[in-house]
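Hello,

Here is the structure I promised to pass on to you. Have a look at it first, and then read my notes below with the picture open beside you.

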Amino acid sequence: MVFVQKEHLLEERIQYLEKINNYSAEMLEQALNLFDFNLKDRLKNGDYDKLKFLKDIETRIRKILPLDDVSFFLVDEKTSDFNLVYKSDSTNEAYILKELERLVNDWTFARALREKRSVVVNSLNLEKDILLHVMTTSSRIRGMFMASFIKNETSEIPEISLLLLSTTLLVCSNFLESIELYEILSKNNILLEKTVRERTKQLKHQVYHDLLTSLPNRNFIIERLKSLIKRGHVTSAALIKVDLNRFKDINDNFGHQTGDLALKIISERIKESCREEDIVGRFGGDEFAVILPGIETEKDVLNISSRILSNCEKNFVLDEQKFQIDVSLGISFFPKDAENISDLIRKADVALHKSKTDKSGISLYSEKYDNIDSFDIFIKVDFRSAMENDNIYPLFQPRYCSKEKRITGAEALARWEHPVHGLISPGKFIPVAEKTGIIKKLTEHILKKSLAQAEKWSEKGLDLTIGVNLSAIDLQDESFPDKINRLIGQFNVDPRKIEFEITESSVMINQNIVIANLKYLHELGFSIALDDFGTGFSSLSYLHMFPVDNIKIDLSFVKNMDTSPENRKIVQTIISLGKSLEKSTTAEGVETKEVAEMLYEMGCDCIQGYYLGKPMRPEQIEDMINSREVL
Ligand code: C2E
Ligand code: CA
Ligand code: CA
């Protein structure tokens with residue numbers, strides 16, 4: 001402790017100044033030391049200890065003032081009580097608590113709080129003085145620092161020491177607050193990390209697993225094949241694709257719930273038929289895949305395959321109903337048949353296709369099956385994901401009607417943006433889709449998109465009808481109108497805003513079903529157009545038999561009408577036919593203004609073709625309508 005002397009001799013004075021100098025240097029050192037707690041590192045390393053921290057503060061304070069007993073009381077956040085958290089070794093706890101009680105009761109505490117500085121008063125022990133400092137941060141009271149020191153009549157604590165003491169305690173309070181905040185945050189963080197970890201695990205599971213069967217999904221199978229093959233974990237492997245025959249019948253006749261249960265049963269049966277090390281996954285829909293790592297001989301694969309086949313084909317009962325499902329299997333070998341994954345999968349598909357078409361049940365891949373037909377398979381496989389990813393979508397070609405003098409609708413024409421093959425035209429993929437049966441899904445997909453568009457247009461107050469092309473396969477499906485009816489229920493669209501386009505050839509087979517279907521659709525309010533008229537039989541009887549509202553004159557007659565008198569005659573005949581049967585007529589393939597004017601003169605109701613515009617995005621149709629530059 002430094003004492004302020006009243007009188008000095010010169011020598012004493014020099015000594016005194018030196019002392020002061022040393023003292024100031026020491027205080028400056030202490031002030032600088034205030035920032036080297038290294039708390040950040042300690043907290044990060046998890047070795048923070050409150051008592052150690054307060055001990056450190058004590059040591060620092062003792063360098064500022066020669067104190068006797070030292071104690072820290074901190075506020076308990078819940079009870080608001082001051083708890084004795086730390087005391088120097090010599091301090092008597094009972095004594096210090098008594099002192100505290102007295103200081104609170106005689107208002108010393110209140111004074112210290114008000115004055116925001118250390119207060120020195122007599123202690124209960126008459127030889128000592130007591131120093132009290134309320135520890136606060138900018139937001140609240142955190143605690144109290146109490147210390148005692150030997151009374152000395154002639155001395156007084158230097159102001160600079162008190163200042164340094166209060167700064168040290170302020171730094172200490174702020175640190176305590178940061179630590180508390182840190183602890184709350186890290187607790188939350190641990191909780192958050194745990195939640196994130198669990199959620200990530202769930203998501204990972206979902207990315208790689210099929211929700212219904214909990215089997216690994218297509219992504220997983222592909223990843224696993226990749227890692228097996230690429231990292232050289234196996235020198236050989238086989239891939240079996242399993243497909244359920246006519247599984248759709250179960251879905252259609254007994255509902256999706258029963259279908260789902262059946263899929264679960266089959267997935268169990270496939271698993272039971274395989275070895276421990278084999279990986280069974282659901283590839284999508286009613287397709288499963290099995291990887292057999294390390295398997296070498298055809299005999300071994302065929303053994304497992306026939307086990308799968310016979311187990312899957314056993315009867316099972318659901319809802320007191322007996323079921324039996326036939327399956328087809330296709331097998332490809334790594335590396336014999338294919339050295340990369342896409343080839344391996346494709347070749348298993350080729351083998352599967354062979355099993356399905358000749359009903360042989362199980363086939364091993366062979367080059368002789370790998371002919372042009374596999375293009376169908378490739379399309380079939382890609383088709384599903386293309387629709388799911390919206391790589392197949394309709395563009396809309398506008399139709400203009402002369403009586404209304406406006407664009408009254410548009411035809412939805414499918415486009416496929418293929419990641420490898422570029423834009424594939426409907427002329428290419430529709431026939432394949434028809435051959436493989438996936439056309440029904442395509443129709444549904446394009447219809448959904450068209451309904452969504454019709455809904456948007458009607459919300460915008462645009463009165464537009466959308467033409468949707470149907471294929472023969474759709475029309476021969478007895479459940480088709482019901483499906484459409486269910487679908488339209490999902491949209492806020494007047495059925496009259498959808499016009500189904502059918503061709504003569506598509507109504508020739510199974511006429512009874514087709515007629516019934518068309519009548520049903522017509523009763524539901526949908527319009528029907530007879531497409532490509534003039535190219536087929538152009539039979540008048542069709543126009544009587546089917547509930548047709550609109551005749552679309554094939555573009556082959558329209559395109560060069562201006563130069564071909566013969567085509568002109570045909571077109572005129574069809575228009576007159578339409579008039580006498582009270583059907584409207586639309587000319588397709590109108591490419592020039594001349595042809596358009598010729599058609600209006602002939603009494604054709606509506607036109608469609610490049611003259612108005614190629615198939616386009618729906619917004620472009622809106623722009624056309626808004627710009628009113630039309631004809
Ligand atoms: P479509 O129903 O006869 O459709 C008219 C075709 O003629 C469209 O070809 C259209 O782009 C084209 N076209 C329109 N105006 C002109 C013109 O002024 N000049 C010329 N040269 N051509 C014109 P796109 O889009 O290639 O469609 C071809 C066929 O594919 C369609 O013939 C239709 O039969 C079928 N198709 C398209 N989308 C679907 C669909 O979603 N489902 C079904 N089942 N078939 C579809
Ligand atoms: Ca059409
Ligand atoms: Ca047409």
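Before we turn to the metal sites, one term: a donor is an N, O or S atom close enough to the metal, which for calcium is within 3.2 Å, and water is not among the atoms, so sites may look incomplete. Please also keep in mind that this is a predicted model.

**The two calcium ions**

Let's start with the calcium ion (ligand 2). Its coordination comes from Glu-411 (OE), Asn-469 (OD1), Glu-501 (OE) and Asp-531 (OD), at 2.1 to 2.3 Å. If you follow these donor residues along the sequence, their spacing reads E-x57-N-x31-E-x29-D. Distant parts of the chain are linked here: Glu-411 sits in strand E14 and Asn-469 in strand E16 (residues 465–469), 58 residues apart.

Which residue bridges the calcium ion (ligand 2) and the calcium ion (ligand 3)? That is Asp-531, and the two ions lie 4.0 Å apart.

For the calcium ion (ligand 3), the protein donors are Asp-531 (OD), Asp-532 (OD) and Glu-588, with Glu-588 (OE) listed twice, at 2.2 to 2.9 Å from the ion. Along the chain these donors follow the pattern D-D-x55-E. Asp-532 belongs to strand E18, while Glu-588 is in the loop between strand E20 (584–587) and helix H21 (593–602), so this pair ties together parts that are 56 residues apart in sequence.

**Ligand 1 and its surroundings**

Now find ligand 1. The space it takes is the second largest pocket. Two or more residues of the shell around ligand 1 come from each of strand E14 (406–418), helix H13 (426–436) and strand E18 (527–533). Of these, E14 gives the largest share, 4 residues. You have already met E14 as the strand that holds Glu-411, and E18 as the strand that holds Asp-532.

There are 21 residues around ligand 1, and Gln-397, Ala-414, Arg-415, Glu-591 and Tyr-610 come nearest. Sorted by class, the shell has 10 nonpolar, 4 polar and 7 charged residues.

Three polar contacts are worth finding on your screen:

- A nitrogen atom of ligand 1 is 2.9 Å from an N or O atom in the Gln-397 side chain.
- A nitrogen atom of ligand 1 lies 3.0 Å from a polar backbone atom of Ala-414.
- An oxygen atom of ligand 1 lies 2.8 Å from a polar backbone atom of Tyr-610.

On its own, ligand 1 has 790 Å² of accessible area, and the protein covers 82% of that.

**Two spots in the backbone**

Most residues other than glycine have a negative phi, and most peptide bonds are trans. Against that background, the peptide bond from Phe-334 to Pro-335 is cis, with omega near 0 degrees. Pro-335 lies in the loop between strand E11 (327–334) and helix H11 (341–357). Further on, Lys-359 is not a glycine, yet has a positive phi of about 55 degrees. You will find Lys-359 in the loop between H11 and strand E12 (362–364).

Happy exploring!

Note on methods. Residues numbered from 1 in each chain as written. Chains lettered and ligands numbered in written order. Predicted model: local features only at pLDDT ≥ 70, side-chain atom pairs only at ≥ 80, totals over all residues. Heavy atoms only, no water. Near = heavy atom within 4 Å. Polar contact = N/O pair within 3.5 Å; in protein donor to acceptor, adjacent residues only side chain to side chain. Areas by Shrake-Rupley, 256 points an atom, 1.4 Å probe, with all protein chains shown as cover. 1 Å grid on protein atoms, 1.4 Å probe; cavity = no way out; pocket = protein on both sides within 12 Å on 5 of 7 lines; lining within 4 Å. Sits in = over half its atoms within 2 Å of the grid points. Nonpolar A, V, L, I, M, F, W, Y, C, P; charged D, E, K, R; others polar. Donors = N, O, S within 2.8 Å, 3.2 Å for Na, K, Ca; no water.
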